Structures are given as C-alpha cells and as structure tokens.
Amino acid sequence: MASRFKPISPFCGILVAAFAVALILGAMLAVALRAEAGRGIGPAEWAAIKFTVLQASLSAIASVILAIPVARALARRRFPGRRILIALLGAPFILPAIVAVFGLLEVFGRTGWVNSGLSLLGLPPLHIYGLHGVVVAHVFFNMPLATRLILQGWQQVPGERFRMAAQLGIDGMAMVRLIEIPMLVKVVPGTLAVVFAICMTSFAVALILGGGPRATTVELAIYQAFRFDFDLGRAAMLSAIQMALTIAAAGFALGLVRGDSFGTGLGRSLQRWDGAKPVSRILDGTWVALAAFFLLLPISAIMASGLPALTEMPHEVWRSAVVSIAVAVASAILLLGMALPMSLAIAAGRSGFLELAGLMGLAVSPLVIGTGLFIMIVQFANPLRLALPVTALVNALTVLPFALRILVPETREIIQGQGRLAMSLDMDGPAFLRLVHLPRIRAQIGFAAGLSMALSIGDLGVIALFADSETATLPLTMYRLMGAYRMESAAGAALLLLALSFGLFWIMDRGGRWHAEA
Amino acid sequence: MLKLENCTVRNGAFTLRADFEVKAGESVSVLGPSGSGKSTLLEAVAGFLPLAEGRILLNNADIGDSHPGKRSVAALFQDGNLFDHLTVLQNAGLGLRPDLRLSNEDRDRIHAALERVDLKGLGSRRPSELSGGQRSRAALARVVLQRRELLLLDEPFAALGPGMRAQMLDLVLELSREVGSTMLVVSHAMEDARRINGRSILVAEGMARAPESTERLLKNPPPALRDYIGPNFQNKTVT
C-alpha cells in the first residue's frame with residue numbers, strides 16, 4: 001500500500017521489538033564483556049566444540065537419511081491412518097525433551113526393554129549414554145521434522161509431472177533419476193541445515209545423555225561451569241563460542257530454507273502411478289511402520305511406567321507442576337505481548353528491522369541468553385530469586401520467531417484486505433484491534449499461545465541454570481528425581497508433563513478456533 | 001462541490017493528472033479503458049494515495065492532506081466492503097460509530113437503514129449467509145448511515161448480473177439523492193453510465209478530463225474511448 005496512512009500505528013511494535021533486541025543484544029554483550037578470552041580456548045573447550053559439531057552433523061545426516069524413505073512412502077501411498085501419522089510427525093516439536101529422553105531410556109536404557117531382551121538372549125547390552133544416545137535422541141526429535149520438510153518437497157512436484165511420467169511408462173529407477181533426485185537435491189540441504197542448527201542448541205538431551213570429557217557439548221559445558229565451578233568467566237567464554245556456532249548454523253539454515261516449514265496442506269496426497277510392484281509396496285509399508293514404531297515406542301513406554309506411578313506421586317511433583325503452569329501462562333502472555341504488536345507493525349509495512357528482530361531469537365540459544373541475563377542481573381539482584389520470571393521471558397523470546405511466522409501472514413491479509421475499509425470508516429487503532437484484528441486472528445493466537453505454553457512447560461534450559469533448591473519447574477523436578485534414581489516418581493512426573501504440554505497446546509489451539517466464523 | 005485543482009497522483013510508475021469540478025449533489029460516471037487510472041483517481045480522492053501536487057476541495061474544505069476517515073467521503077470498492085466476521089447490523093452500525101458502541105437510538109436508526117435497503121430482519125446474519133445483491137445492500141445501508149458528502153463507487157456491483165446491477169444502481173442513485181451527497185461512479189459497463197444519465201469523466205492517457213455530457217461522449221467518443229468500447233457498442237448507441 002502506497003498510503004501514508006495505516007489502520008494501526010506501528011509504534012508499539014517497534015517499541016516492543018527494540019525491547020526484545022535490547023534484551024538479546026544486552027545478554028550477548030554481557031557475555032562478550034565477561035568472557036575471559038585471555039585464558040584462551042583450552043583442550044576441554046576444543047573437545048566440547050568438536051563434540052557439538054560432530055553430534056549435530058551425525059544427527060542431521062541420520063535424521064535426513066531415515067526421513068527420505070519415510071517421506072517417499074507417505075508421498076506416494078494412501079492408507080488408513082496416514083493423516084494421523086503425519087499429524088504425529090508434528091508432535092515431537094512440542095514434546096518436552098526430558099520426557100522424550102526418559103522414554104528412550106525406558107526402551108534403550110541399561111534396564112530398558114531392548115537390553116532386557118538382549119540379556120535374555122545372552123547378548124551384550126546397548127549403551128545409550130554418550131554419543132550414540134545423544135544422536136538417537138536427536139534423531140527421535142528431528143527425523144519427523146525432516147520427514148515433514150522433505151514430504152513438502154515431494155508434494156511441491158506438480159502432479160502433471162507424475163502423470164506425464166506415467167504416460168511415458170517411467171517407473172522405478174528412471175522415476176528416481178528424473179524427478180525425485182532433482183527434487184531431493186533442492187530440499188535436502190535446507191533440511192540438513194535446519195536439523196543441524198537445532199541439534200547445535202539442544203541442551204536437555206546432552207544434559208541427560210551426554211557428559212564426561214568425551215560427550216560434552218558447549219551448552220553442557222556452560223551449565224557445568226555455572227553450576228559446578230561457579231566460574232562465570234568461563235561460562236561467558238563458552239557462551240561466546242556457542243553464540244558464534246549458533247549464528248553460523250542459523251545463518252546457514254536460513255539461507256538454505258525457503259517458505260514456511262509448518263507444513264500446512266501436508267494432508268493431501270498426490271495420485272501416483274509408479275511403484276505398484278509388490279516389492280516397493282512392502283518396502284514403503286515397512287518404512288512407515290518403522291517410523292511409527294520409533295515414534296510411538298518411547299511414548300508408550302512413558303505411559304506404561306508412568307500410569308501406575310501417578311497415584312503416589314511425591315508432593316513436590318504436584319507443586320512444581322503448578323509452578324510450571326504459571327510459568328507457561330506468563331510466558332505465553334509475554335510472547336503475545338511482543339508478537340502481536342510486532343506482527344501488526346511488520347504487516348503494516350515496517351518489515352526490515354522488525355523481521356530481523358524477530359529472527360534474532362534463533363541466532364542465540366536460550367542458555368546463552370540466560371547466561372547473559374544472569375551476568376546482568378547479578379550486578380544488582382540475586383538472580384536465583386528471579387529464576388521463574390527469567391525462564392518465562394527467555395521462553396517467550398525463544399518462541400517469538402515461530403509466533404511471528406504464524407501471525408504475520410494472516411495479519412498481513414487482514415490489513416491488506418480490510419485496512420482501507422477500517423480507515424475510511426474512521427476506526428481508530430483500539431477499535432480496529434477489537435473489532436477487526438483480534439476476532440480474525442484468534443485461531444493463530446490460539447496456535448501460537450499453545451505452542452508457547454507447550455514449549456515453555458517442557459523447557460529444561462534456563463531454569464536449570466537459575467533455580468535454587470527451593471524453586472523448581474516440573475521438568476527440573478523430574479530431572480532431580482532421575483538424578484536421585486527415583487525412577488518411579490520420575491516416570492509419573494514424565495507422564496504428567498506429557499499430558500500437560502499436549503493438553504495446554506490442545507486447549508489453546510481449540511480455544512482459538514472455537515466458534516470461529518468465516 | 002468537489003474540485004480537483006491541478007492534481008498529480010503517482011501510483012508506482014504511473015502518473016495521473018486531474019483538474020476538474022463536479023457540482024454538489026451531482027452523480028458523475030467515470031469512464032475509461034482498463035488501467036487508465038480510474039481507480040487511482042478514486043483512491044486519491046478517498047485518501048488512500050497521496051497527492052504529489054495540487055489540492056482537493058470538498059465543499060470548500062481542503063481535504064487533500066487529511067486521513068481517509070476524516071474526509072467526508074464514503075467509498076465502496078469491488079470487494080471488501082463488509083467485514084465477514086461481523087453481522088449485517090454491526091457492519092451497518094460502523095457507519096454510525098466506528099467503535100461499535102451503539103446506543104438504543106443508534107440501533108433504531110440502523111434498523112431503519114436496513115429496512116430502507118430491503119434487508120429488514122437480516123441484521124443478525126453474517127455476510128457469508130447473504131446473496132451477492134444482499135451484501136451490496138448491506139454495504140449501502142452503512143453508506144446511508146455514514147451520511148458523507150461524497151460517495152465513491154469503484155465497480156462495487158461488478159460481480160452482480162446485469163438486472164441486479166441496474167437495480168442496485170437505481171437504489172444508490174435514490175439514496176444519494178436522499179442523503180444529498182455528490183457521487184463518482186466507476187463502471188466498465190456503458191449502460192451503467194447511460195443509466196446515471198448525467199455527465200461523465202473520461203480517464204485516459206494519464207489524464208482525468210473535466211466531466212461532459214455522457215450522451216454526447218458516447219455518441220462521439222474520442223479515440224481512447226472508442227477503442228475501449230468497440231464498434232458494436234457504437235452501433236447500438238446509434239440505433
């Protein structure tokens with residue numbers, strides 16, 4: 001729109017974005033100033049960097065290699081439950097990391113299902129801790145995401161091309177060579193980069209399954225410098241390293257990925273005429289079954305061990321659950337307080353600075369922001385007493401880029417489609433928000449709030465840095481129970497956490513679409 | 001009276017000049033080939049496009065710099081004239097109170113306006129539950145309540161069939177007479193211009209010309225208009 005006039009002033013959005021940028025840059029600056037570069041990067045730091053990059057690379061490669069056949073099978077087969085399976089592929093995104101890891105331990109752990117089976121057969125046990133474990137957990141989280149991204153690529157191949165291939169009698173390897181490989185060449189690098197970037201900043205997985213000199217990520221090293229050595233200078237230096245790594249990985253990923261990765265419209269399936277041979281049917285079926293099994297197994301394990309424990313859960317689990325809900329709600333409110341004005345300002349045409357501000361949350365890991373905020377707060381207050389507000393704030397900053405991707409397109413449509421009418425009616429900003437914007441954006445608000453609550457309630461990052469023994473969120477309590485080998489209580493807490501994160505997401509998402517018109 | 005004095009409007013690379021006057025209460029058609037700048041002209045008068053040069057006077061008030069909502073101008077476009085998530089009553093009510101804080105007296109006036117456009121009893125419907133013609137009527141009810149001095153119509157009835165379009169045009173002419181507002185009507189259809197039966201502004205070659213008699217313009221069209229309306233229509237006008 002060429003008009004000078006806008007239905008709503010971008011001022012609020014710019015103010016909020018400036019606040020978010022100031023917080024993130026402030027945290028980065030605090031880290032940079034406090035980092036004791038004089039000590040240099042020692043062998044321990046090098047080992048952490050190497051392990052971080054190694055595990056992220058292996059996780060990305062393994063996730064993508066496994067995702068390709070699954071996506072291919074999903075793209076060309078129609079079967080009952082296909083939609084449910086595709087929806088299930090979105091679930092790990094909001095599944096709390098500690099819950100998933102707990103589920104994996106129940107299956108692959110020392111006394112887990114697999115090893116019990118192996119010992120019955122007299123075979124040596126599998127080891128889940130260390131590099132394998134970290135990679136297995138990351139594949140669990142990211143193979144579904146990679147599948148969705150690659151499936152999107154498959155569905156963007158025009159249907160006419162498959163029709164033409166069918167007419168020409170192209171099948172099997174020729175189809176792979178002519179259509180599928182060129183598509184994969186376009187899609188796979190971006191997918192690899194996204195998974196790599198996510199694995200570079202995953203903390204909870206490394207916290208539980210990693211450790212020791214040979215399996216410590218940079219983030220884990222930050223946590224250890226903080227909690228065990230109380231060495232802020234070293235934590236800050238490691239944070240600076242992590243910052244450089246994340247910015248490089250995120251920049252790389254952003255450059256390679258285009259379009260929206262939430263995968264709307266993945267439900268439809270293309271009509272395909274190839275792959276009718278029984279062998280390829282069986283192969284596709286096997287891949288889909290394996291993927292579903294791999295996804296459902298740890299979740300079923302949590303159900304199996306958590307249900308009996310639910311009735312006799314220690315008091316602290318319930319108390320921390322209440323704390324977690326409060327943090328999640330606060331975090332969602334903070335998120336919407338930032339994302340709504342920012343999305344309005346972006347949609348009204350102030351995109352440059354604001355869009356960059358929205359992406360900054362991706363360039364810095366939550367643990368690094370947490371470290372920076374700790375360094376800032378410690379000057380004038382006891383950071384431990386601010387553990388919960390800081391956790392809510394950092395979670396909101398982390399979800400901000402996703403929330404903007406959810407809110408901006410619809411907001412843009414509202415302003416472009418209805419902004420003129422509102423202006424010519426002389427509606428002021430508040431009336432525009434109340435009468436036009438909020439009623440129309442409700443579904444997106446619900447989705448963003450649900451996402452933020454689910455991610456926030458399951459987060460085990462900043463809270464692990466800040467919390468003293470008095471304060472704990474549910475994931476932290478669960479982690480402490482695991483550390484004390486109180487596995488039954490931990491299983492109950494895991495199930496509760498699982499129910500809470502999916503439940504909150506479901507309530508918010510449904511609530512947003514309740515009685516939605518038009 | 002609407003007066004455009006030496007106006008220049010820039011819309012991207014496109015430039016439109018306008019210098020004309022329309023009498024108070026007059027209904028004027030705006031004709032011209034597609035892409036000639038008819039919508040640009042209306043957008044500038046409505047305030048959605050800034051003036052690069054010149055002044056716009058509406059009943060002697062200079063409105064060229066004011067916010068679209070502060071001009072005494074109501075506009076109906078091809079689509080997006082109603083909020084789909086609000087009821088017909090609310091949509092019409094926005095013409096009275098843009099914040100929709102409606103008093104009982106306001107409600108009475110809205111009901112009267114809905115009755116005037118034959119939408120009695122449909123106030124609680126949403127636009128999606130109405131026919132195309134009814135949606136146009138709902139937008140007109142709002143325009144009636146807005147009581148603005150100038151009414152701009154940019155092909156709001158283009159999606160309707162010819163019979164319904166004629167009906168709506170008659171209704172809008174009646175309403176504008178009742179409210180006493182000046183009106184500019186853009187239309188692709190020459191029969192619409194003839195129905196308005198007054199003067200027409202020809203927009204062509206980057207220029208909005210001063211209004212002249214529609215009948216004379218269609219009988220003896222300048223080249224730009226002749227190419228647009230085609231020879232068949234000319235024959236029809238002669239017969």
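**Helix H3 of chain B and the nonpolar core**

Colleague: Which residues of H3(B) are buried?

Modeller: This is a predicted model, in which local features need pLDDT of at least 70 and side-chain atom pairs pLDDT 80 or more, while totals for chains, interfaces and linings use all residues. Residues are numbered from 1 along each chain as its sequence is written, with chains lettered from A and ligands numbered from 1 in the order written. A residue counts as buried if 20 or more other C-beta atoms, placed from the backbone, lie within 10 Å of its own, as exposed if 12 or fewer do, and as partly exposed in between. In H3(B) the buried residues are Ile110(B), Ala113(B) and Leu114(B).

Colleague: Within what arc do the buried residues of H3(B) fall?

Modeller: The arc is taken from the directions from the helix axis to the C-beta atoms. The buried residues line one face of H3(B), because seen down its axis they fall within an arc of 100 degrees.

Colleague: Which residues are exposed on the other side of H3(B)?

Modeller: Helices are DSSP runs of H or I, at least four residues, numbered from the N terminus. On the other side of H3(B), the exposed residues are Asn104(B), Glu105(B) and Asp108(B).

Colleague: Which helix gives the most to the largest nonpolar core?

Modeller: A nonpolar core is a set of buried Ala, Val, Leu, Ile, Met, Phe, Trp, Tyr and Cys residues joined through C-beta atoms within 7 Å. The largest has 254 residues, and Val101(A) and Ala494(A) have the most contacts inside it. With 21 residues, the helix that gives the most to this core is H16 (residues 387-424) of chain A.

Technical notes:
Helix = DSSP H or I, 4+ residues; strand = E, 2+ residues; numbered from the N terminus.
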